[in-house]
Amino acid sequence: MNTQAEGSAGASTAQGITEGEIAAGLRALGLTERSTALVHTSLRSFGWVEGGAEAVCRALLDACGTVLLPAGAGDHTRMPAPPGLVRPHNAYWNAVSWADFEQALDRAVPYSPELPVDRYLGAVPEAMRALGCAERGAHPLFAFQAAGEHARTLLDAESPDRPLAPIEALAELDGDVVLLGVSHEANTAIHLAEQRLGRSRFYRYAKVAAGVWAEFPNLGGESHRFDDIEPALRPATTEVRIGACRARRVGVRDLLAAVTEVVRADPAALLCPDPACRCGAALAQRLAYVRDRRV
């Protein structure tokens, strides 16, 4: 059922918004001590926050029983593909020579839980890591971090070939996706629905030890058309304002079902038409997946 709050659930003051006001807003969104949620955030969307990103983290931990956040470290571990290794419809670059590849290997850093979270994921995931209250997965390119009752259940689902498996575990727990000041372009769960349909299954490369690299399958692709799913999700979405932040919650099972329906109806749904974009490779993957199942 769609819920649209008339006012601001966590009303901010002229001095900004506090940790307690954010926690109150999250409860108004429907989060409780029994909730399990994948959270994507924009710190800036709240306006000025007393206590910064750490205050948002504490509010999440206070309001929600189990919190799952992205915690990728690809900024440090990522590498090009080696020369000559070209996967079909993979939309990735190769080192131009083995000498260039070896230099990239030297520059990259093996994954460890102490590495900073990728900058594009925002300030809150890195603040959660720095607080030390969440456990972090081990995927060298796209790990998650989790805190709370079901943290280990979520993180134990991850494997090198299934980086999005924590979202599958979240669905088994009947959990939610929470968007705090971000659009569905940040919604990682949509990639899982795509991959179940043979789309956005990309191979990527990372350093795993001194002088050692590895290939990892099933990394997601582009997301800049993911907001096209919003009308289909509106009936299942609860929305409030927390200060200046537009906060939304949708059940992950509802989300996966909606994406599955639209992509089955149109293999190009939620993708852009630019032939130079990775969206084209994702579409080619889906078409090949359907063709192979018709043979």
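## A tour from Ser-35 to two pockets

Start by selecting Ser-35, which sits in the loop between α1 (19-29) and β2 (36-41). Bear in mind as you click around that this is a predicted model.

Is Ser-35 buried or exposed? Its relative accessibility is 10%, so Ser-35 counts as buried, the cut-off being under 20%. To see what surrounds Ser-35, skip the neighbours within four places in sequence and show Gly-30, Cys-64, Gly-65 and Thr-66: Ser-35 is in contact with each of these.

Next stop, the empty space. Rolling a probe the size of a water molecule over the atoms is what shows where such space is left.

Go to the largest pocket, whose volume is about 710 Å³. Select Tyr-120, Leu-121, Phe-142, His-191 and Gly-221, and you have the residues closest to its centre, out of 27 that line this pocket. Now try colouring the lining of the largest pocket by class: you should get 11 nonpolar, 10 polar and 6 charged residues.

Then move over to the second largest pocket, which holds about 260 Å³ of space. Here 14 residues form the lining, and the ones to pick for the centre are Pro-88, His-89, Arg-201, Tyr-203 and Gln-285, the closest to it.

Which helix gives the most to the lining of the second largest pocket? Select residues 278-294: that's helix α11, and it supplies 6 residues. Colour this lining by class too, and the second largest pocket shows 4 nonpolar, 5 polar and 5 charged residues.

How values were computed:
Residues are numbered from 1 along each chain as its sequence is written. This is a predicted model: local features need pLDDT of at least 70, side-chain atom pairs count only at pLDDT 80 or more; totals for chains, interfaces and linings use all residues. Side-chain values use heavy atoms; hydrogens and water are left out. On a 1 Å grid over the protein atoms alone, a cavity is a set of points where a 1.4 Å probe fits but cannot get out, and a pocket is an open set with protein on both sides within 12 Å along at least five of seven lines; lining residues have an atom within 4 Å of a point. Grid points are joined across faces, edges and corners, and a volume is the space filled by probe spheres set on the points. Ala, Val, Leu, Ile, Met, Phe, Trp, Tyr, Cys and Pro count as nonpolar, Asp, Glu, Lys and Arg as charged, and the others, Gly among them, as polar. Helices (H or I, at least four residues) and strands (E, at least two) are DSSP runs, numbered from the N terminus. Buried means under 20% relative accessible area, exposed over 50%, partly exposed in between (1.4 Å probe, protein chains only). Contact means heavy atoms within 4.5 Å.
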